[in-house]
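I opened this one to look at empty space first, then at a sheet, then at what the records say. Notes follow in the order I looked things up.

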Amino acid sequence: MKKFAIAALAAALMGGVAQADTIKVGVVGPFSGPFALQGKNFKAGIDAYMALNGSTVGDDTIEIIYRDIPTADPAQSKALSQELVVKEGVQYLAGFYFTPDAMAATPLLEQANVPMVVMNAATSAIVTKSPFVVRTSFTTWQTSTPIAKVAFDGGTKKVISVVSDYGPGVDAEAAFKAGFEKAGGAVVEAIRMPLQTNDFSPIMQRIKDSGAEGVFAFLPSGPTTLGFVKAFNENGLKDAGIKFFAPGDLTQESDLPALGEAALGLQTTFHYAVSHDSAENKKFVEAAAKAIGNPAELSFPAVGAYDGMHVIYKMIEATGGEQDAAKAVDAVKGLSWESPRGPVTIDPESRHITQNIYLREVAKAEDGTYYNKEIQTFEKQGDPGLAAAK
Amino acid sequence: MQTVFSIGVDALAYGMVLFVISIGLSVTMGLMRVVNLAHGAFAMIGGYIASYAARDLGLAYAFAVLIAVVGTILIAIPIERLLYRRIYGQPELTQVLMTIGITFCIIGIANYIFGPTLKTIPTPETLRQSVSLGFRTVSAHRLFVIACGLAVALGLWYFIERTAFGVKLRAAVDNAAMAAALGVKTQVVYAVSFAVAVGLAAFGGVVGAELLPIEPYYALRYMVTFLVVVSVGGAGSIPGALAACLLLGAIDTAGRYLMPEFGEFFFYLAVIAIVWIFPRGLAGRAK
């Protein structure tokens, strides 16, 4: 009798597995620590997608497993990814806010037969590290190149570049220089500031002394941005008519309430503004704002995560829930869809997202809040960074 | 020449911001012999209170500063009675462990209540202007901070060196048992000094917020800077801290202007050199 009961139980369990699978997706991101807000945006994007599209694909139920990595830490990222693959049995790896974290996990992909969907990390080279990497965010090259054209066309011929001295900063400097010199302008000086700079007055003085008509700046979003923009205004550079150019990291929506008046009129180029006017975005913002709790905290990583989930759903659809990384990645090569940020395509060759880049200006809404107002569109921008590296 | 003046003005302003923010820590470490790593956390609490008062309640800046200082002291009093009192005179490792623990708790609570975004403290119109010095412009807020720094330095020096309370404080620090035997209520003295130090931290946090914006990780982000100032100046010495801030401010600003690609190299090189020549800081007292 006892034997029979055990056999019945075993049969029931096995039957359960065969009928409908649970497909696990491992998401690695900063969910605590100084960058918790960006991780929160990952989660909001994922929750929004699942709220709007359901948590099943065919017969399979999707389960998200989050792993926290507070600051860039490649060794920890690799360990967590490995644990997700081996212990949790995830079929997909996703997330990755920092480039080193994404890079560190790429060697696992082929052996584990797992595709990786990068939802933020913005260095061009990540997609070359493994054929199983797909990216739905942006690259610093992609967002920094159009602003060079904006600067030149606006009549600025001499620019000084000022960036924080770390990977993305150096990328931004190179991208702007390439774009601006191609257009016919000159970068008179390139300054790299240490990441821990608190007082930007000396830098502002350097900018003034350089005789440039405009400044191209890149800093990581957060406290330093605020100090930089304030110093720009207070040291009289704004009044002296020196133009300010930057990619949209500097005016991300969650920093705008603090930047406020100081940032008014700043022009940046970026792939997504929460204010983007489309039906898809309206739906997305509503769902994501509900997921994140405070709508003012919503910012660009959420849209990267939202589209990342779209790609994963398509992969699961194509493979019928079977674990087959090559087939899954092949299925989304050339995939086009209408994202909250506008029309996008996964470039079949680089597996990076081709998208519109928008020129935006910080404006004040009627209710007194600040937002990025889109004023010009650069359509179907690929990643110039990969071409430049060749 | 103009460049030299220009760097000089920036250096003075930056040095004064450092001074206003760090002097409270110098008092706790030098006079109360507590390695208070939670100093930045108290500065942050002050910043949050001022931001809430000025931005969400719409109070005047001066009033917000006052509320921030008083509010932070009120929050700190129970912490002093329940936690700090146990670590007076304990080995430094115990103090470091407990105060870093307090810092993490305060970061967590601030993150939970106010969220992870930056908080600004709206300054009045007069402080937002740019003032022309002839050869360059500088923000009125910087001049205000310089004035605050001088006022704090003078006030604190008078308080410690010239008042009856200052005498009791110095007595209690040098020999607590003897001071108590002579009728000095050492516990009260410690509590008041702690309150003053915390109040200074809050004041510095609010006044310096234009340069070091308020966010939950404020408490950890700038901890090294505070500790460097105190160790270079010599714990507990007001002229020492002032000299250290002006010197470090000048080196940092000049380095940043002339050779930004070297980063903070010159800043830390100066710190190493000074601590090597003066192991107790510029004005540190021998034990």
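**Cavities first**

I get about 100 Å³ for the volume of the largest cavity. Keep in mind that this is a predicted model. My search over the whole structure turned up five cavities of 30 Å³ or more.

Who lines the largest cavity? I count 15 lining residues, and nearest its centre are Asp199(A), Glu234(A), Arg142(B), Glu210(B) and Leu211(B). Helix 9 (223-234) of chain A and helix 6 of chain B each put at least two residues into that lining. Helix 9 of chain A has the largest share, with four residues. Sorted by class, I see six nonpolar, four polar and five charged residues around the largest cavity.

**Then a pocket**

Next I pulled up the second largest pocket, which has a volume of about 880 Å³. Its lining has 35 residues, with Met29(B), Gly30(B), Leu31(B), Arg33(B) and Ala235(B) closest to the centre. Which elements give two or more residues to it? In chain B these are helix 1 (2-30), helix 4 (92-114), helix 6 (140-162), helix 7 (164-174), helix 11 (223-233) and helix 12 (238-258). By class the pocket lining splits into 18 nonpolar, nine polar and eight charged residues.

**The sheet in chain A**

I traced an open, mixed sheet of six strands in chain A, in the order 2-3-1-4-5-6. Why do strand 2 (56-57) and strand 6 (133-135) of chain A each have a side without a neighbour in the sheet? They stand at the edges with a single partner strand each, so one side of each is left free of a sheet neighbour.

At the strand 6 edge, I find strand 5 (residues 116-118) of chain A pairing with strand 6 in the parallel sense over three bridges. One pair I noted there is Val117(A) with its bridge partner Val134(A).

Two helices went into the notes as well. Helix 3 (residues 74-86) of chain A packs on the sheet and touches strand 1 (22-29), strand 3 (60-68) and strand 4 (92-95), at about 150° to strand 3. Helix 12 (residues 301-319) of chain A lies across strands 1, 2, 3, 4, 5 and 6, running at about 170° to strand 4.

**Checking the records**

An unreviewed UniProt entry gives "domain: Leucine-binding protein" for residues 22-364 of chain A. I compute 41% helix and 23% strand over residues 22-364 of chain A, with the end C-alpha atoms 46 Å apart.

For chain B, the unreviewed UniProt entry lists "transmembrane region" stretches, including residues 96-114 and 140-160. Residues 96-114 of chain B come out as 100% helix, with end C-alpha atoms 26 Å apart. Residues 140-160 of chain B are 100% helix too, and there the ends are 30 Å apart.

Terms used. Residues are numbered from 1 along each chain as its sequence is written. Chains are lettered from A and ligands numbered from 1 in the order in which they are written. This is a predicted model: local features need pLDDT of at least 70, side-chain atom pairs count only at pLDDT 80 or more; totals for chains, interfaces and linings use all residues. Side-chain values use heavy atoms; hydrogens and water are left out. On a 1 Å grid over the protein atoms alone, a cavity is a set of points where a 1.4 Å probe fits but cannot get out, and a pocket is an open set with protein on both sides within 12 Å along at least five of seven lines; lining residues have an atom within 4 Å of a point. Grid points are joined across faces, edges and corners, and a volume is the space filled by probe spheres set on the points. Ala, Val, Leu, Ile, Met, Phe, Trp, Tyr, Cys and Pro count as nonpolar, Asp, Glu, Lys and Arg as charged, and the others, Gly among them, as polar. Two strands pair if DSSP finds at least two bridges between them. Contact means heavy atoms within 4.5 Å. Axes are lines fitted to C-alpha atoms, for helices over the stretch in contact, and angles run from 0 to 180 degrees between N-to-C directions. UniProt positions are given in the numbering used here, feature names are shortened, and annotations may be inferred rather than shown by experiment.
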